[in-house]
Amino acid sequence: MKKWKVSLAGAAVLLVLGSGSALAAKESAILLNDKQTTLGSSQIIEENSTLVPLKALAEAMGYTFFWNQKSKIAVLIRPGREVLFTTGSTAVQVNGGALKLTKTPHIIKGTVYVPLVSAVSAMGGKTWTDRSSGNIMLVDEPRFTQVSIQNRTYWVSQNSGELFLKAATDSKPKSIGTFPLTGWPYSHSLQIKNAGGGNDLLLLTDKHYAMFNDFTNEYQALIRNGTILKQTDYHYSIVSYPHEAEPATEQLYMRDDTSLQYINTDGSLGKPFDLAKSTGRTGDFTVEYVSKDVALIRYLEHAELFAIHTVTGEITNLNEKLIMPEDRKEWNTADGRDTFVVTKMLALKKREGNVMTFTYATLPEGKVKTVVYTIK
C-alpha cells in the first residue's frame, strides 16, 4: 500500500488540479486516500468536467447527508465542517461562509451530481490526477469514518484518533475522547452495536495483510449519553489462516491484550477474565468464539485452544481434552506461527445446543479428525 509521504512527494511531477481545473474528458478510477471508491463507476463527464453523486462523495469523506426536498438543499455535516449545496446554484456555504463551484449541482435521474474537483475542495479535500495511470486521486487529511444508530452519529478521525458524537439534540459534533491509534493509518472500519441499557459499543478495526501475516489493531469504546464508560484496544499479528470459528459469536464483549470482559444485556460490564492467569500461558491470544456460557481463546504460540466457562470460571485446554493421545505429542510442541500448522489446528465447526463439534488434522500426516465437546 502506498504511504502518503510517497504519494504526495510524487505529486510534484503530476498534474495538480485546483478547484476550478477541468478534468480530462474520459472516465477514470477515483481513489480516496489511495483507496478505490465507487465514484469512478458512477461519474458523468459533462463539458470536460467530471461530475459525481454528492451523497456517495459525502459518505466517502465521512459526512452525514441530509436532503431538503422542498428547498433542494443538501446539508453535509462532519466534525469542524458544515457544507450546504443548492441545486441550480454555484454558491456553496461552508461553515456559514460562501464559496463557488465550477458548475451548478443538478439532479440526474433522481440523484444530485456535483463537479468533483470544486466540491471536494469545498468539503475540505484536495484533488490531483496521476498522469501515469489516469486515476483521479482525492486526499482528505482527517480521514473521518462515521456510523449512526438511533439518531446518534459517531465519527473517528483516522489521522488523530479523536472521537466525536452528534446526538439528536445537538447541532454540531462534539469531541468525547480519543482512540490511541498506532502504526500506519490504514483504512479502519467503524462499527456500532446496541449494548443495551442505552449504551453504544463502538469498534474501530484495522485489519490488513502483509508478508503472509494478518495484522489486527482494534479499539473499543462503551458509551452512554456521550460519556465513555470504558475503552480498550489490542494489537497482534498472526500467520494468515481461516481462524474465525464457523458459528457466529453471540455475545458482546470487550477485550485488550490481556483480558476479556462480557457486556451484560443491561449494558453493564461483567466479570473480567485474565487470559494469562486463566490459561497459564503468556503471550498473544485471539478470541475466536464468544457465547453466553463459553468463550474460545487461542494461544498463538502453540495454537492451543482454551474454553472459558463463563458461569463457573472453569478453564479447559481443548487441545489436551480433544486431540487424541497418539496425536498430542506433535501438537504439544507445535509452532502456532507456522503456516503448515495453523491450517490443521483444532477449530470449531458447529454448535448444536451444548454440543460443540471440532476438527483438527494430525501432524505431520494431515489426516482430518472430528471430535465433540459437551458444555456441562
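In which strand is the place of serine 49? Serine 49 sits in strand E5, which covers residues 49-53. The model is a predicted one.

Is serine 49 buried or exposed? Its relative accessibility is 12%. Buried means under 20%, so serine 49 counts as buried. Leaving aside residues up to four places away in sequence, serine 49 touches Ile44 and Lys103.

**An open sheet**

Five strands form an open sheet. Their order is E6-E7-E8-E9-E10, and the pairing is antiparallel. Which strands stand at the edges? They are strand E6 (64-68) and strand E10 (97-100). Each has a single partner strand, so one side of each is left without a neighbour in the sheet. On average, neighbouring strands of this sheet are turned by 25° against each other, direction ignored.

Now look inside the sheet. Strand E8 (residues 81-86) and strand E9 (residues 91-94) run antiparallel. Three bridges join them. Valine 83 stands opposite valine 94 in E9.

**Salt bridges**

How many salt bridges does the count come to? The count is eleven. Three of these pairs appear below, including the distance between the closest N and O atoms.

| Acidic residue | Basic residue | Closest N and O atoms |
|---|---|---|
| Aspartate 200 | Arginine 152 | 2.8 Å |
| Glutamate 288 | Arginine 298 | 2.8 Å |
| Aspartate 327 | Lysine 369 | 3.0 Å |

Take aspartate 200 and arginine 152, which form a salt bridge. This pair links distant parts of the chain, 48 residues apart. Aspartate 200 belongs to strand E20 (residues 199-210), and arginine 152 to strand E16 (residues 152-157). Both aspartate 200 and arginine 152 are buried.

Next come arginine 298 and glutamate 288, also joined by a salt bridge. Arginine 298 lies in strand E27 (residues 294-299) and glutamate 288 in strand E26 (residues 285-290), so the pair ties together parts ten residues apart in sequence. Both arginine 298 and glutamate 288 are buried.

Finally, aspartate 327 forms a salt bridge with lysine 369. Aspartate 327 lies in helix H7 (residues 325-332) and lysine 369 in strand E32 (residues 368-374), so this pair ties together parts 42 residues apart in sequence. Are these two partners buried or exposed? Aspartate 327 has a relative accessible area of 9% and is buried. Lysine 369, at 18% relative accessibility, counts as buried. Which residues share one network with this pair? Salt bridges with shared partners join Glu326, Asp327 and Lys369 into one network.

How values were computed. Residues are numbered from 1 along each chain as its sequence is written. This is a predicted model: local features need pLDDT of at least 70, side-chain atom pairs count only at pLDDT 80 or more; totals for chains, interfaces and linings use all residues. Side-chain values use heavy atoms; hydrogens and water are left out. A salt bridge is a side-chain nitrogen of Lys or Arg within 4 Å of a carboxyl oxygen of Asp or Glu. Helices (H or I, at least four residues) and strands (E, at least two) are DSSP runs, numbered from the N terminus. Buried means under 20% relative accessible area, exposed over 50%, partly exposed in between (1.4 Å probe, protein chains only). Contact means heavy atoms within 4.5 Å. Two strands pair if DSSP finds at least two bridges between them. Axes are lines fitted to C-alpha atoms, for helices over the stretch in contact, and angles run from 0 to 180 degrees between N-to-C directions.
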